[in-house]
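Biologist: Hi! Could you bring the model up on screen so we can talk it through?
Modeller: Sure, here it comes.

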Number of protein chains: 2
Amino acid sequence: MIAEESLIEALDRAGYRLTEPRRTVAGLVAARDAHFTAADLVADARKRHLRIGRATVFRALDVFTDLGLVERVDLPDGDHAYVGCDPVHHHHAICTRCGRSLDIEDHGLSEVLAEVGERLAFTVTSHRLELYGLCDACRAAHRT
Amino acid sequence: MIAEESLIEALDRAGYRLTEPRRTVAGLVAARDAHFTAADLVADARKRHLRIGRATVFRALDVFTDLGLVERVDLPDGDHAYVGCDPVHHHHAICTRCGRSLDIEDHGLSEVLAEVGERLAFTVTSHRLELYGLCDACRAAHRT
DNA sequence: CCAATTGTGAGACTCAGTCTCGATAAGAAG
DNA sequence: CTTCTTATCGAGACTGAGTCTCACAATTGG
């Protein structure tokens, strides 16, 4: 979940050219409210009669990923997907029913992890954390 | 890091046939002390003049994964790999230098995560956590 | 020992992602 | 507004992991 303008603005600020294809991908990403694949975006583009090359979609996603506005997540089944998000260090809580993801702040997790590392004589330099479960809406829907 | 016998024993206990190819894959996995890919095992087999089909390696890894003796991990660069490990719920601390992985017990992490979920109105059903950094040996080697 | 059933191997196939290269367009300069 | 440089694009070939199919082979319960 991220606004098209944020994406375009970030491109500009980072010195990338504001091209039509990039705006198109920004629009496609902004229109998605759950995790998606590059192929999803290509299909979306087709549906909306927007001409865009497959490679370009991948390239734009790479750029957005570098800027931290899109992240690659790993789903429980091992598949990869992308999600739009804020460009701060955080993790994702991914709803296994609707695919939407919530950003999780670090909440002292890093410290806990460094501590765990201590005990193992392991220096933690980075980590990846993903939570899977049901978001509020799906939890409610599930009960019925 | 897991013994060949553990792998074979687990197959037996779970009712899988103890076939030659599976023993071969068990041997290949046991011989690896860091993360590996299916292609690595195929190459190892070639080197050791063991005939085994590529599909069979994938199938055996799937079985071992189901039994919890092998897990798929995601590396920081987004690649997948397999690691041998004990069949209990845990996470991995992966050395980015040598690729070896240490098993991390849950140490109350699950509770912390459930709590985080509470705050987000998100019901956490499972999670994935991977730590990246330097193991003790590589930390020492790195200093010099 | 033998049949029933599970497992195997070769190779075709799929799908995500990458690469190449000639064509195109953004945007700085004038 | 026009020009020029250079980043970017698109098409399609390519790669590599993983899956699928199907005829054949091996395990094992009886």
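Modeller: Let me begin with a loop. His49(B) sits in the loop between H3 and H4 of chain B. Keep in mind that this is a predicted model.
Biologist: Okay, what is the phi of His49(B) like?
Modeller: Its phi is positive, about 55°, although His49(B) is not a glycine.
Biologist: And is His49(B) buried or exposed?
Modeller: His49(B) is exposed, because 6 other C-beta atoms lie within 10 Å.
Biologist: Remind me, what sign does phi usually have?
Modeller: Most residues other than glycine have a negative phi.
Biologist: Then let's look at Ala121(A). Where is Ala121(A) found?
Modeller: Ala121(A) lies in the loop between helix H5 (109-120) and strand S5 (123-134) of chain A. Ala121(A) also has a positive phi, of about 60°, without being a glycine. It counts as partly exposed, because it has 13 C-beta neighbours inside 10 Å.

Biologist: Let me change topic. How many helices and strands does chain A have?
Modeller: Chain A has 6 helices and 5 strands. Starting at the N terminus, the order of its elements is α-α-α-α-β-β-β-β-α-β-α.
Biologist: What does the C-alpha trace of chain A span along its principal axes?
Modeller: About 55 × 45 × 25 Å.
Biologist: How much of chain A is buried?
Modeller: Of the 144 residues in chain A, 31% are buried. As for contacts in chain A with a separation of 6 or more, 49% are between residues 24 or more positions apart.

Biologist: Now the DNA. How many residues surround DNA strand C?
Modeller: There are 22 residues around DNA strand C, and the closest are Ala55(A), Thr19(B), Pro21(B), Gly53(B) and Thr56(B).
Biologist: Which helices supply at least two residues of that surface near DNA strand C?
Modeller: From chain A, helix H3 (38-47) and helix H4 (54-66) each do, and from chain B, helix H2 (20-31) and helix H4 (54-66) each do. The surface near DNA strand C holds 9 nonpolar, 6 polar and 7 charged residues.
Biologist: And what about DNA strand D, which residues are closest there?
Modeller: The closest to DNA strand D are Thr19(A), Pro21(A), Gly53(A), Thr56(A) and Ala55(B), out of 21 residues that surround it. Here helix H2 (20-31) and H4 come from chain A, while helix H3 (38-47) and H4 come from chain B, each with at least two residues of the surface.
Biologist: Which element gives the largest share of the surface near DNA strand D?
Modeller: That is H4(A), with 3 residues. By class, the surface near DNA strand D has 9 nonpolar, 6 polar and 6 charged residues.

Biologist: How does chain B superpose on chain A?
Modeller: A rotation of 180° with 0.0 Å of shift along its axis does the job, with RMSD 0.1 Å. The two copies are therefore related as by a two-fold rotation axis. The same surface serves both copies, since 97% of the contact residues of chain B recur in chain A.
Biologist: Which residue of chain B comes closest to the rotation axis?
Modeller: Leu129(B), whose C-alpha is 2.2 Å from the axis.
Biologist: How many residues does each chain put into the contact?
Modeller: Chain B puts in 31 residues and chain A puts in 30 residues. On the side of chain B that touches chain A, the elements giving two or more residues are strand S1 (70-74), strand S4 (101-104), helix H5 (109-120), strand S5 (123-134) and helix H6 (136-143). S5(B) gives the most, with 12 residues.
Biologist: What is the mix of residue classes on that side of chain B?
Modeller: The side of chain B that touches chain A has 16 nonpolar, 9 polar and 6 charged residues.

Biologist: One last thing: at what angle do helix H1 and H2(B) of chain B pack?
Modeller: At about 145°, with their axes 8 Å apart, and the crossing of H1(B) and H2(B) is right-handed. Among the residues making the contact are Leu7(B) and Leu11(B) of H1(B) and Ala26(B) and Val29(B) of H2(B). This contact has 6 nonpolar, 1 polar and 3 charged residues.
Biologist: What sits in the loop between H1 and H2 of chain B?
Modeller: Gly15(B) has its place there. Gly15(B) counts as exposed because it has 6 C-beta neighbours inside 10 Å.

Key: Residues numbered from 1 in each chain as written. Chains lettered and ligands numbered in written order. Predicted model: local features only at pLDDT ≥ 70, side-chain atom pairs only at ≥ 80, totals over all residues. Near = placed C-beta within 6 Å. Helix = DSSP H or I, 4+ residues; strand = E, 2+ residues; numbered from the N terminus. Nonpolar A, V, L, I, M, F, W, Y, C, P; charged D, E, K, R; others polar. Buried ≥ 20, exposed ≤ 12 C-beta atoms within 10 Å, placed from the backbone. Contact = placed C-beta atoms within 7 Å. Least-squares fit on C-alpha atoms with pLDDT ≥ 70 in both. Axes fitted to C-alpha atoms, helices over the stretch in contact; angles between N-to-C directions. Left-handed = near helix turned anticlockwise from the far one by under 90°.
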